Amino acid sequence: MNTVYSINGPVVKVKDTSDFSMLEMVYVGSKHLIGEVIGVNSEETTIQVYEVTTGMRPGEPVTGTGAPVSAALGPGIISNIFDGIERPLKKIEELSGAYVSKGSNVDSLDGEKKWQVTVKVSAGDKLSSGDIYAVCPETPIVEHRCMVPPSMSGEVIFAAPDGEYTINDVVCKIKSADGNIHELTLCQKWPIKQARPFNKRLPIDRPLITGQRVIDTILPIAKGGTAAVPGGFGTGKTMTQHQLAKWCDADIIVYIGCGERGNEMTQVLEEFSGLIDPKTNRPLTDRTVLIANTSNMPVAAREASIYTGITIAEYYRDMGYHIAIMADSTSRWAEALREISGRLEEMPAEEGFPAYLPSRLAEFYERAGYVESLNGKEGSVTIIGAVSPQGSDFSEPVTQNTKRFVRCFWALDKSLAYARHYPAINWNNSYSEYTDDLGEYYYKNVDKDFLLCRRRISSMLIEENKLMEIVKLIGADVLPDDQKLIIEAARVIRVGFLQQNAYHKDDTYVPLSKQFKMMQTILKLYDECRRAVDKSVPLSKVLSTGIFEKVIKMKYDIPNDKPELFRDLDVEIEQTVRKVVRKYESEAR
């Protein structure tokens, strides 16, 4: 029998054995704690334990399973709350109370609940990897599609009638080419550290619409894309991800609370359970999976939570759904890697992080994408990872290495957050590489001038940033009126367009069509004022009319379902500015 030789936090070693293979799942100790083999040589086997090892002693048994750490994939995932190794926290609470007891051996999915299953195949049908053989309503808005596991195919020799089945009941049997018979249930397992296969990657050419103007218009992300949200303490990383989870047009949300404070995760759970999905008027939990691994939970399970979440996302992607993953935060995950690496006595790299930190980040973000699955359906996984650099230092290793693997970077700014400007995304330090990829979508679905307006808005913000450096040195009074106009127009963009109120019914989510009309109105104001300034009309006379403030308030004054009111505002801008011009010219004469 293999026994524990040494214990160093979550790292356990077994001497003189060749019974275990790399990345094999094992049960450690008398309480059967879940672990994973992370190192094998002729002298010892190193195991990473995903639970607290307090109280464990040398000599306790270690038992192999012969399989890698895997996620159970089947009906019952949606609306559930799991820990980092896919144990259902609601079920554990029923068994052991508020705290997760060591060695809690609870099935990931409810094996007793019956699902109303419709079997889609009949005897004699040919099935290949990824084909759908049964469906059932997992929630009122998500249909669960049971698929033939990858690398399996054959002829159907048994198909159960439609009816109620548990996840472990056999609903279909197929006979493969080699004569073996495979029984298919509603559930399958998949190794969490192995990406699920697909037919091919598809072009990333449609946006993930979030309803947040600074994202959708200025810094867009595509379905199947990757984004990082770095920011120091108090800059609103979690709140930004909450807004995206509530409003983005993904079919399913996978929210991974990785190493976050317990009170934050409690807030997430309470908020999500009370939110109504605007698309279906159903609770948002009907299309949400929550993985909660708080900062007081075992550090090794924090590393596993990221892989568990992405595996669940890939599974639903293969059904033909669009998934958005909110990983909050990858910095806590990297800290778990650093702690375990230290216990393994590995050579540290920059700031103590392991040398393989970049490759681990790459493995995670590269599992995003817009793909054609094995059954021919199109699906996507979009990853939005929060990063928590200490002291808002974006030069630290996790932020810098994350920037290498994402194409969208939303840098949160402490000064904006303290000024109550939300989302606190600094448009000067952020970027998106998806804008050109999405150009055709904007042209066909919004307006042919969308990108032109966006370009002009962005240029004004850049110009304002340059002018503010001059203002800090010599003051605003010495600037000519055309430059003062740029500063005033940029203020309208910042306050009236980029800043959003999450508690206002019309401003918390804004459709792309309204975002475009808001840009047009701001540019209309700028163009009319520019013509007035070119005629030597003092800018102060236009400002005194209050038209700038009225344009700022359009986000509240014009409801999302009444875009025709923008025409009235445009006419008012034109009449107000021209009235000022006529009055000035008459006074000059």
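This passage describes the confidence of a predicted model, its enclosed cavity and its second largest pocket.

The structure is a predicted model. Mean pLDDT over the chain is 92. A score of at least 70 is reached by 99% of the residues. Confidence varies among the elements of the chain. Strand E23, residues 369-372, has the highest mean pLDDT, at 97. Helix H4, residues 262-274, has the lowest, at 72. Where pLDDT is low, predicted coordinates should not be read in detail.

One cavity of 30 Å³ or more was found in a search of the whole structure. The volume of the largest cavity is about 50 Å³. Its lining includes Gly130, Met147, Val148 and Pro150. Arg196, Pro197 and Asp318 also line the largest cavity, as do Ser373 and Leu374. Five of the lining residues are nonpolar, two are polar and two are charged.

The second largest pocket has a volume of about 610 Å³. Its lining comprises 33 residues. Those nearest the pocket centre are Thr235, Gly236, Lys237, Thr238 and Met239. Three helices, H3 (237-247), H4 and H6 (330-343), each supply at least two lining residues. H3 gives the most, with six. By class, the lining of this pocket has 18 polar, nine nonpolar and six charged residues. H4, a contributor to this lining, is also the element with the lowest mean pLDDT.

Methods. Residues are numbered from 1 along each chain as its sequence is written. This is a predicted model: local features need pLDDT of at least 70, side-chain atom pairs count only at pLDDT 80 or more; totals for chains, interfaces and linings use all residues. Side-chain values use heavy atoms; hydrogens and water are left out. On a 1 Å grid over the protein atoms alone, a cavity is a set of points where a 1.4 Å probe fits but cannot get out, and a pocket is an open set with protein on both sides within 12 Å along at least five of seven lines; lining residues have an atom within 4 Å of a point. Grid points are joined across faces, edges and corners, and a volume is the space filled by probe spheres set on the points. Ala, Val, Leu, Ile, Met, Phe, Trp, Tyr, Cys and Pro count as nonpolar, Asp, Glu, Lys and Arg as charged, and the others, Gly among them, as polar. pLDDT is the predictor's confidence in each residue, from 0 to 100. Helices (H or I, at least four residues) and strands (E, at least two) are DSSP runs, numbered from the N terminus.
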